[in-house]
Amino acid sequence: MNITMIIHPTCATSYTIVKHLHSKGLLEKVELLSASDMGIVFKHRVWSVPWIMVNGEPVATDPVEPGEVEGIIEGSGIEPPRDPTLRFMETVLHSAHASSLALLWGSLDPVMDEDLIKAALRSPLTGYTAKDLDPSRIDYDEWMDKFGRALAISFVRELWWAAEGNPPQEPPPMDELRVYVRHWLISKASLGRAGIPLNPLKNDYSRIDSIARFLGASYKALIRRVKREQEAILSDELYWRILEDRL
């Protein structure tokens, strides 16, 4: 059984799982690859990190716990999702690319991808497939709001990186912030022009503006949260020594 895990070093879930597997002596049983390499991302159709595959098939992605990955490696099995539809929606929520696509389009159609569903439902290990999803149970307004809040954190995290850890202490005025967020979301959901609505000028951006409103109200708290998360990861010398040997 060949197990491959594609991570990004700055991903909090990747960080937690790598440290856990290292402490258990299991990391050597996994081929570790970096999502920084776009060739790897394209080759393996990575939607989110960590992206875990068994014999080339996606079997898990975020949200995923260290114990679940341990069970995959040791062949002890995993607990099938109690609610496949909820599990899939949580997976979209935890993928900035998937949730940005869903929010930009106002639809789940762009993310109903076979590999993403496999990873969400752990299909090769549980037998659950797209047929087990029940879209009629999804409250779209509720989930679009959740996607917006999760993406607000991604926005601030990338702002923190771009500002070299010293972002503005106050958000811009709401009219400006609304445009910045729309611009960022179009870029986040697309690759070149791939993924952009047919007429982006006339796209319905009203659902996206909830991100700007949430940012305006929570900006300082989100900055503190991102700062704690990233400084903990970036300052962990053991973690970076592990990655230096494996990536």
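Here a trainee and a mentor talk through the fold and salt bridges of a predicted model.

Trainee: How many helices and strands are there in the chain?
Mentor: Start with the secondary structure of this predicted chain. The count comes to eleven helices and four strands.

Trainee: Which radius of gyration does the chain have, and why is it called as compact as a globular protein of that length?
Mentor: The globule rule gives 18 Å for 247 residues. The chain's own value is close to that, so it is as compact as a globular protein of that length. Its radius of gyration is 18 Å.

Trainee: Is lysine 118 buried or exposed?
Mentor: Lysine 118 forms a salt bridge with glutamate 114. Both lie in helix H6, four residues apart. Glutamate 114 has a relative accessible area of 55% and is exposed. Buried means under 20%, and lysine 118 has 19%, so lysine 118 counts as buried.

Trainee: Which helices does the pair of glutamate 158 and lysine 188 link?
Mentor: Their side chains meet in a salt bridge, 2.3 Å from N to O. The two residues are 30 apart and link distant parts of the chain. Glutamate 158 and lysine 188 sit in H8 and H9.

Trainee: Where does glutamate 170, the salt-bridge partner of lysine 220, lie?
Mentor: The closest N to O distance in this pair is 2.9 Å. Lysine 220 belongs to helix H10, 50 residues away. Glutamate 170 lies in the loop between H8 and H9.

Trainee: Which residues do salt bridges that share partners join into one network?
Mentor: The whole structure holds 18 salt bridges. Those that share partners join Asp175, Arg178, Arg182 and Asp209.

Methods: Residues are numbered from 1 along each chain as its sequence is written. This is a predicted model: local features need pLDDT of at least 70, side-chain atom pairs count only at pLDDT 80 or more; totals for chains, interfaces and linings use all residues. Side-chain values use heavy atoms; hydrogens and water are left out. The radius of gyration is taken over C-alpha atoms; the globule rule is 2.2 Å times the number of residues to the power 0.38. A salt bridge is a side-chain nitrogen of Lys or Arg within 4 Å of a carboxyl oxygen of Asp or Glu. Buried means under 20% relative accessible area, exposed over 50%, partly exposed in between (1.4 Å probe, protein chains only).
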